[in-house]
Amino acid sequence: MIEATELTKRYGGTTAVDGLTFRVRPGLVTGFLGPNGAGKTTTLRMMLGLDRPTAGEVRIDGAPYRRLRDPLRTVGALLDAGAVHPGRTALNHLRCLARSNRIPVRRVHEVIELTGLSGVADRRAGTFSLGMGQRLGIAAALLGDPAVLVLDEPVNGLDPEGVRWIRNLVRDLASQGRTVLMSSHLMGETALTVDRLVVIGRGRLLADTTMAEFVDRYADAGVRVRTPEPRRLRAVLDGAGIAVTDHADGSLSAATGPERIGELVAAHAVPVHEVTRNTASLEEAFMRLTADAVEYRAERRGGTERPGKTKQPGGAERPAAAGRRGEAERPAAGRRGEADQPGRGVR
Ligand code: ADP
């Protein structure tokens, strides 16, 4: 369990985190969402004892990080996957971590296996791709077999196979009863993975809810239906008073939830090959919910940005250079494009 209470962080005149109160429960994957600059990293840093709150507190399994007796065995974190000595092999990096935390070396081999790094364990971390670096970061987070996991943008820069791997891994970790918090600035991707959402903007809490409630409350709960008999389906939906849009591939979008579709097609015996919740509307809901925060940040920006990584709408990273964060923070069409891809439905 992670509990933030009135958590606040100010840097000079900037309030990065503003009175945040939320809980992250065990046995679930919780997404920590907000546009770039919302205060996610600052919150996670306070969670992990890397920054001191200006006010309020955040506890992990009942205690602030600094007071945990065995931090690595209590909470595993992926914060900056690049923070590994480039000259060290993956194996050595994990061995050093294990040794300094009194974790048996046998566990090093377990996490190497678990994260699919067996083939590259003797390679120096400096030669790793972004995806392999993420896996190494996750191996380190899992080393102490912790009950709580905090992952900052774990799918950043991963290829589709890596993204799928992370998704399965975090779901698996949660099903073992662990508390999993993963941050992201991408709604579409997060929607496929998480049970609950904590959404922040401008350092403030915007939503703390289940994925299902979020969809019901903020998205037009539209679905896309693929059927070999679109005309019959349209007639059934028209008859039920549900707004329908046709697509070029013969599928239909309907302004209702998958439950209602299921009931109607069963009652009228219409064959259906696929029902997908419309993630584009989910992405739009996220954009709507966080729009004020984004505009505020865009106005306020004046070149005082902290150096560091720049998060791109596509999930890749590039080094921060000429104030590009602003670009990434606008509700860009690019994000919608990603959410529009087929097969990106919500459970
Ligand atoms: P996110 O992770 O959601 O993108 P951050 O936590 O990185 O957001 O940043 C929140 C706000 O706090 C931003 O305005 C950022 O520029 C500011 N900020 C974060 N860390 C520092 C710091 N060390 N010094 C000054 N400002 C900071």
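**Exercise 1. Find the bridge partner of V150 in β7, then place β6 among its neighbours.**

Solution. V150 has L181 as its bridge partner in β7. Helices (H or I, at least four residues) and strands (E, at least two) are DSSP runs, numbered from the N terminus. The model is predicted: local features need pLDDT of at least 70 and side-chain atom pairs pLDDT 80 or more, while totals for chains, interfaces and linings use all residues. Residues are numbered from 1 along each chain as its sequence is written, and side-chain values use heavy atoms, without hydrogens and water.

Step 1. Strand β7 covers residues 179-184 and runs parallel to β6, joined by 5 bridges; two strands pair if DSSP finds at least two bridges between them.

Step 2. From β6 the chain passes through helix α6 (residues 160-175) to reach β7, a right-handed β-α-β crossover. Right-handed means that, with the strands pointing away from the viewer, the path from the first strand over the helix to the second runs clockwise.

Step 3. Strand β5 (residues 75-78) also pairs with β6, in the parallel sense, over 4 bridges. Here G76 stands opposite L149 of β6.

**Exercise 2. State how many residues of β6 are buried, and list them by face.**

Solution. Buried means under 20% relative accessible area, exposed over 50%, and partly exposed in between (1.4 Å probe, protein chains only).

Step 1. In β6 (residues 148-152), 5 of 5 residues are buried.

Step 2. One side carries V148, V150 and D152, the other L149 and L151, and both faces are covered.

**Exercise 3. Describe the aromatic pair of the structure.**

Solution. The structure has 1 such pair. Its members are F22 and F32, in a tilted arrangement with 5.7 Å centre to centre and 35° between the planes. Rings of Phe, Tyr and Trp (its six-membered ring) pair if their centres lie within 6.5 Å; planes under 30 degrees apart count as stacked, over 60 as edge-to-face and the rest as tilted.

Step 1. F22 belongs to strand β2 (residues 14-24) and F32 to strand β3 (residues 29-33), so the pair ties together parts 10 residues apart in sequence.

Step 2. F22 counts as buried because its relative accessibility is 2%; F32 is buried at 0%.

**Exercise 4. Locate A240 and name the residues that it touches.**

Solution. A240 sits in the loop between α9 (230-239) and β11 (244-246).

Step 1. Its relative accessibility is 29%, so A240 counts as partly exposed.

Step 2. Leaving out residues up to four places away in sequence, A240 touches R260 and L264; contact means heavy atoms within 4.5 Å.
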